[in-house]
Amino acid sequence: MPVRIPRTFFDRPTLRVARELLGARLVRLHEGQRLSGRIVEVEAYIGQDDRASHARMGPTLRNAAMFGPPGHAYVYLIYGVHTCLNLVTEEEGFPAAILVRALEPVEGIEQQQRWRGNVPLRNLARGPGRLCRALGIDRSFNGVDLCSETSTLWVEFDRHYADEAIACSPRIGVRGDETAIRAPWRFFVADSPWVSGSATFNRGSVHPCPTTSP
DNA sequence: GGATCGATCGGCT
DNA sequence: GCCGATCGATCCG
């Protein structure tokens with residue numbers, strides 16, 4: 001039986017957690033059925049000094065989950081249209097989270113297709129808004145404890161990817177050209193057809209993978 | 001495959 | 001008022 005990833009996993013430096021989440025399986029339980037996908041792309045948002053983070057202006061009602069304990073979900077609405085899922089990391093009080101950007105579909109694909117309007121399989125969960133729609137994740141999941149045995153959303157260990165299979169790049173969709181904001185805090189499975197972004201961007205902007213943050 | 005543009009809401013300045 | 005950690009439709013090559 002697969003087991004939920006425990007809170008101790010999330011209660012660690014965010015870049016390490018982000019790297020190790022690649023290959024893990026995100027599971028949503030819906031009416032007794034498992035809907036899931038393998039995480040193939042993530043982005044790290046670390047601390048109040050991260051100019052791209054929602055936590056940059058300090059704690060607010062919206063970003064409260066980022067300041068809360070690790071192992072919880074931070075879910076928000078973007079552009080008035082799409083939902084994004086983050087997994088909160090590091091000790092309570094320190095605002096950090098990992099944006100889940102793409103999944104390789106694994107279980108309950110038919111239900112996911114229904115929620116997605118029968119788009120091509122490749123686009124089922126390729127992008128942060130798309131994967132939320134595929135798994136039926138809305139803002140009612142904000143603050144949910146992924147490590148509680150009673151929640152209907154969690155993460156399991158699944159595949160392991162060697163370092164050579166992993167690539168890094170600047171985060172997608174963040175504005176500004178300061179070096180700090182361009183930190184290569186996006187991790188993805190190189191050459192996976194399931195990651196978002198264009199092939200040329202994914203190949204052309206690859207950085208060495210960082211292991212420590214400022 | 002790539003560029004552009006509109007949608008549409010909540011949260012902050 | 002302004003502006004997003006985006007997506008899909010549409011147009012072009």
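In this predicted model, DNA strand B is surrounded by Met57, Thr60, Arg62, Tyr79, Gly80, Val81, Arg139, Ser198 and Thr200. Much of what these residues meet is backbone: sugar and phosphate make up 74% of the atoms of DNA strand B that come within 4 Å of the protein. Sorted by class, the surface near this strand has three nonpolar, four polar and two charged residues.

A few polar contacts show how the protein and DNA strand B line up. The side chain of Thr60 has an N or O atom 2.2 Å from a phosphate oxygen of DNA strand B. Thr200 also uses its side chain, with an N or O atom 3.0 Å from a phosphate oxygen of the strand. With Tyr79, the contact involves a base instead: a polar backbone atom of Tyr79 is 2.4 Å from a base oxygen of DNA strand B.

Now for the other strand. DNA strand C has 19 residues around it, and those that come nearest are His54, His82, Asn86, Arg116 and Arg130. Here 52% of the strand's atoms within 4 Å of the protein belong to sugar or phosphate, and the rest belong to bases. The nearby surface divides into eight nonpolar, seven polar and four charged residues. Several elements pitch in, with at least two residues each from strand E3 (73-78), strand E4 (82-88), strand E5 (96-107) and helix H5 (128-135). H5 gives the most, namely three residues.

Phosphate oxygens of DNA strand C turn up in several contacts. One is 2.6 Å from an N or O atom in the side chain of His54, and a phosphate oxygen is also 3.3 Å from an N or O atom in the side chain of Arg101. Pro128 takes part through its backbone, where an N or O atom lies 3.2 Å from a phosphate oxygen of DNA strand C.

What about the cysteines? The whole structure holds one disulfide. It joins Cys168 to Cys209, with the sulfurs 2.4 Å apart, and the link is right-handed, with 110 degrees about the S-S bond. The pair ties together distant parts of the chain, 41 residues apart: Cys168 sits in strand E7 (residues 166-169), and Cys209 in the segment after helix H6 (199-204). Cys168 is buried, at a relative accessible area of 0%, whereas Cys209 counts as partly exposed at 34%.

Why is Cys84 not bonded to Cys132? The closest cysteine sulfur to that of Cys84 is in Cys132, but it is 6.2 Å away, so the two are too far apart for a bond. Both residues are tucked away: Cys84 counts as buried at 5% relative accessibility, and Cys132 counts as buried at 0%.

Key
Residues are numbered from 1 along each chain as its sequence is written. Chains are lettered from A and ligands numbered from 1 in the order in which they are written. This is a predicted model: local features need pLDDT of at least 70, side-chain atom pairs count only at pLDDT 80 or more; totals for chains, interfaces and linings use all residues. Side-chain values use heavy atoms; hydrogens and water are left out. A residue is near a molecule or strand if one of its heavy atoms lies within 4 Å of it. A polar contact is a pair of N or O atoms within 3.5 Å; within protein, one must be able to donate a hydrogen and the other to accept it, and residues adjacent in sequence count only if both atoms are side-chain atoms. Ala, Val, Leu, Ile, Met, Phe, Trp, Tyr, Cys and Pro count as nonpolar, Asp, Glu, Lys and Arg as charged, and the others, Gly among them, as polar. Helices (H or I, at least four residues) and strands (E, at least two) are DSSP runs, numbered from the N terminus. A disulfide is a pair of cysteine sulfur atoms within 2.5 Å. Buried means under 20% relative accessible area, exposed over 50%, partly exposed in between (1.4 Å probe, protein chains only).
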